[in-house]
Amino acid sequence: MAEFPLEISPMFEGERIRKNDMYVELAGPKSKGFELVRATDSDEIEDGKFTLIGPDISEMEEGSRYPFAMIYKIGGELVEPDLEAIVERRNHDFYNYMQGVMHLNQRYDIWVRLSKDAVNKGLNSFEQMAAAMMSLFKNELSFIEKIEAVYITDPEEIDKELENAMEIYKERDERTANLHDEDVDTFYGCTLCQSFAPSNVCVITPDRISLCGAINWFDGRAAAKVDPEGPQFPIEKGEVIDEVGGEYSGVNEAAKSLSGGEFDRIKLHSFFEYPHTSCGCFEVVGFYIPEVDGIGWVDRDFTGNAPNGLPFSTMAGQTGGGKQVVGFLGIGINYFRSPKFLQADGGWDRVVWMPSHLKEKVVDYIPEDVVNKIPTEQDVGDISELETYLKETEHPVIERWSEEEEETEAEEEQPEQPESAPSQYMTQMPASMPSAPSWTSSASSGGVKVTLKNAKVSIDRIIVKNKE
Amino acid sequence: MPTGNFVTRIIAVTGKGGTGKTAITAMLMRHLVKGDNLVLAVDADPDTNLPDALGCEIDHTLGEMREFMLNERDNFPPDSNKESVLESKVYEAINEMDGYDLLVMGRPEGPGCYCYVNNLLRGIMTRLVTNYDAVIIDTEAGLEHFSRKLIPEIDDLIVVTDGSKRGMQTGERISQLVGELETKVKNVYVVANKVTESNRELIEQNAKDLDLRLLGAVPVDKIIEERDLKGLPLFDLPDESVAIKEINKIANDLNL
């Protein structure tokens with residue numbers, strides 16, 4: 001088997017090969033290519049075999065650029081399709097172990113350069129590289145029992161194979177997107193925002209992206225693996241306390257220690273009860289609209305006022321700082337795409353307003369029965385228009401109103417008293433939330449009994465009636 | 001050339017607008033490249049004058065790539081390694097010239113959250129600089145990129161001033177600012193630019209009064225004035241240029 005003529009060591013990771021020092025450029029932003037690992041039946045693999053389709057290094061002119069693809073077939077008792085992505089990722093690492101070889105990016109964005117120095121020292125065939133890679137894969141990933149490599153430098157062949165590869169990537173992404181909170185034991189925390197929001201507790205789960213929208217569960221996992229003491233770190237999920245709300249003992253413990261004891265409960269998929277803290281980096285802020293008992297959302301790019309008369313900046317100011325702010329919640333845009341999106345509060349059935357460009361971004365993830373019932377700035381301008389719109393479209397949130405009304409009627413003994421319309425309900429900022437118990441107080445003097453009931457926000461309504 | 005083989009010297013050049021810090025940067029670059037050093041030039045001034053002073057056209061900026069990461073992040077495969085993607089984008093933003101690489105920071109941050117992408121960038125930049133003998137950074141006086149720690153430890157911070165007292169006071173302010181930065185700066189120097197025989201003594205006295213280390217005084221140079229008028233680069237100034245002679249002296253004092 002061909003030997004790689006230079007050194008192979010992790011110390012060469014990060015080695016940059018400049019244009020002037022480069023013998024040949026493979027794939028990259030100005031060409032095409034891909035890397036692919038396939039779990040294959042061991043019987044179909046000839047261990048150590050290398051196939052090259054297209055010209056070899058020795059046939060390439062100095063300073064030229066070629067398309068480039070690498071396909072590895074791996075086999076073994078423990079090899080399964082779910083491992084393909086993990087093994088594929090290592091191709092980047094191992095390629096960079098080779099002195100005189102630079103490898104960047106992944107999948108169909110790979111970019112490889114071979115140095116003049118390496119070619120001068122005897123690197124003249126891809127077989128030398130493939131052989132080194134195959135032995136690295138087998139040495140470092142012991143579950144790989146057999147491996148075979150196919151490299152392609154022929155443009156037409158790459159086009160053909162790239163099409164297949166794209167299908168495989170797509171299937172893989174679908175599988176990945178199907179990973180949910182219940183499928184993992186570990187979530188990840190991030191403290192990047194604690195420099196300005198010291199009590200912020202950012203919990204990143206498969207179903208909940210970071211508030212800034214930048215870090216998903218896989219990013220957390222990758223970062224924590226490299227540096228567990230770094231800004232992203234594992235949080236053991238622990239016991240499930242509330243599956244729907246998304247409350248876990250491990251998250252609560254982490255919340256307590258990360259917030260310096262300020263918070264000890266967090267429900268990941270709840271708006272009203274122990275909501276996630278909000279840093280200041282969030283892409284979107286959700287705001288409770290008491291008049292319609294629904295939640296509106298406004299993002300950084302929306303410069304106008306939301307139906308409650310407030311712009312993003314004002315609400316962001318009230319929400320941020322790493323607190324659990326009841327009535328407001330900061331989130332990353334991708335959380336709208338989560339199947340667990342605020343599932344404790346009715347999810348999309350509770351969403352009553354969002355800016356049109358934001359709605360457009362996530363429209364594919366809004367359930368069909370509600371998608372046309374959520375107005376934007378193009379449909380409504382203020383709360384009363386919002387109310388009318390929701391009624392006209394029969395938005396599911398209005399069921400909540402009728403429940404209240406029925407409740408109200410049942411208890412109305414003397415309806416001649418002044419009664420406020422639903423639109424005047426709860427006009428103050430929510431001091432207590434819908435889950436708060438209703439309470440009754442009686443005034444003994446003056447022969448009047450005052451009943452406060454269903455005090456969701458400030459006071460639901462007041463009935464003044466004769467003393468019995 | 002394995003990484004880490006170099007002890008990379010990191011120099012930042014800053015100063016009030018109009019003092020000629022970009023000209024000084026270009027001339028220091030000229031010295032370094034002539035001395036067979038592999039240099040990474042970083043234009044960290046939103047004005048982006050360094051490419052002109054070096055006489056090169058740029059294709060991409062780091063700012064563009066950072067925006068790309070922000071705009072595209074929801075479209076990446078869910079398990080893609082974003083550090084690896086960004087690293088590739090940084091490499092794409094590097095303009096590869098004869099004898100040096102040029103990285104232009106370009107547009108400043110927008111209103112979104114850059115915590116994560118900047119955190120990735122820090123790691124990438126730290127690794128990248130080990131590929132060079134020297135990194136020279138042309139940066140605005142506010143030193144914003146340093147407060148974000150995008151660029152690791154600075155060996156020498158050169159504050160360029162003109163002859164004015166005000167220019168010198170900027171120098172004083174910057175050296176105070178350095179103390180507040182999270183980035184470590186080993187040495188702070190002042191280089192006076194556009195110096196004439198009539199103001200030379202006063203400049204030296206001013207530097208002394210403000211307790212600044214005056215590294216050199218670059219004289220007014222007719223060749224530079226002509227080139228500035230014509231918009232020609234300063235990277236290929238002839239050896240007989242009086243400014244170049246002083247820059248070479250300064251560089252030698254700095255052991256460059």
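This note describes the folds of chains A and B, and the contact between them, in a predicted model.

1. Overall composition of chain A. The secondary structure of chain A consists of 11 helices and 19 strands. Of the 468 residues in this chain, 43% are buried. Among the contacts in chain A with a separation of 6 or more, 68% join residues 24 or more positions apart.

2. The contact between the chains. Chain A contributes 36 residues to the contact, and chain B contributes 31 residues. On the side of chain A that touches chain B, at least two residues come from each of α1 (84–97), α4 (155–177) and α5 (217–226) of chain A. The largest share, 4 residues, belongs to α4(A). Sorted by class, this side of chain A comprises 18 nonpolar, 9 polar and 9 charged residues.

3. The sheet that carries α1(A). An open sheet of 4 strands in chain A follows the order β4-β1-β7-β6, and its pairing is mixed. Its edges are formed by β4 (64–66) and β6 (101–104) of chain A, each of which pairs on one side only. On average, and with direction ignored, neighbouring strands of this sheet are turned by 15 degrees against each other. The edge strand β6(A) is joined to β7 (residues 111–115) of chain A by 4 bridges in the antiparallel sense. Within this pair, His103(A) has Val112(A) in β7(A) as its bridge partner. Helix α1(A) packs on the sheet and touches β6 and β7 of chain A, with its direction at about 160 degrees to that of β6(A).

4. The helix pair α1(A) and α3(A). Helix α1(A) also meets helix α3 (residues 126–140) of chain A: the two axes come within 10 Å and cross at roughly 120 degrees. At this angle, α1(A) and α3(A) are therefore oblique to each other. The crossing in which α1(A) passes α3(A) is right-handed. From α1(A), the residues concerned are Val87(A), Arg90(A), Phe94(A) and Tyr97(A), and they meet Met133(A), Leu136(A), Phe137(A) and Glu140(A) in α3(A). By class, this contact has 6 nonpolar residues, no polar residues and 2 charged residues. Helix α1(A) thus appears in three settings: it supplies residues to the side that touches chain B, packs on the sheet and meets α3(A).

5. A further sheet in chain A. Another open sheet of 4 strands has the order β16-β14-β15-β17 in chain A, again with mixed pairing. Here the edge strands, each pairing on one side only, are β16 (328–331) and β17 (351–353) of chain A. Neighbouring strands are turned by 35 degrees against each other on average, direction ignored. Strand β15 (residues 294–299) of chain A runs parallel to β17(A), and 2 bridges join them. Trp353(A) in β17(A) is the bridge partner of Gly296(A). Helix α7 (residues 312–319) of chain A lies across β14 (284–289), β15 and β16 of chain A, and runs at about 85 degrees to β14(A).

6. The surroundings of Gly238(A). Is this residue buried, exposed or partly exposed? Gly238(A) has 15 C-beta neighbours inside 10 Å and therefore counts as partly exposed. In chain A, it lies in the loop between β11 (232–236) and β12 (240–242). Apart from its neighbours within four places in sequence, Gly238(A) is in contact with Tyr248(A), Ser249(A), Gly250(A) and Glu253(A). Ser31(A) stands 207 residues from Gly238(A) along the chain, and the C-alpha atoms of the two are separated by 47 Å.

7. A helix pair in chain B. In chain B, the axes of helix α3 (residues 62–72) and helix α4 (residues 82–93) come within 9 Å and cross at roughly 155 degrees. Because of that angle, α3(B) is roughly antiparallel to α4(B). Their crossing is right-handed. Leu62(B), Glu64(B), Met65(B), Phe68(B) and Met69(B) in α3(B) meet Leu86(B), Lys89(B), Val90(B), Glu92(B) and Ala93(B) in α4(B). This contact has 7 nonpolar residues, no polar residues and 3 charged residues.

Terms used
Residues are numbered from 1 along each chain as its sequence is written. Chains are lettered from A and ligands numbered from 1 in the order in which they are written. This is a predicted model: local features need pLDDT of at least 70, side-chain atom pairs count only at pLDDT 80 or more; totals for chains, interfaces and linings use all residues. Two residues are in contact if their C-beta atoms, placed from the backbone, lie within 7 Å. Ala, Val, Leu, Ile, Met, Phe, Trp, Tyr, Cys and Pro count as nonpolar, Asp, Glu, Lys and Arg as charged, and the others, Gly among them, as polar. Axes are lines fitted to C-alpha atoms, for helices over the stretch in contact, and angles run from 0 to 180 degrees between N-to-C directions. Angles under 35 degrees count as roughly parallel, over 145 as roughly antiparallel, 65 to 115 as roughly perpendicular and the rest as oblique. A crossing is left-handed if the near helix is turned anticlockwise from the far one by less than a right angle, and right-handed if clockwise. Two strands pair if DSSP finds at least two bridges between them. A residue is buried if 20 or more other C-beta atoms lie within 10 Å of its own, exposed if 12 or fewer, and partly exposed in between; C-beta atoms are placed from the backbone.
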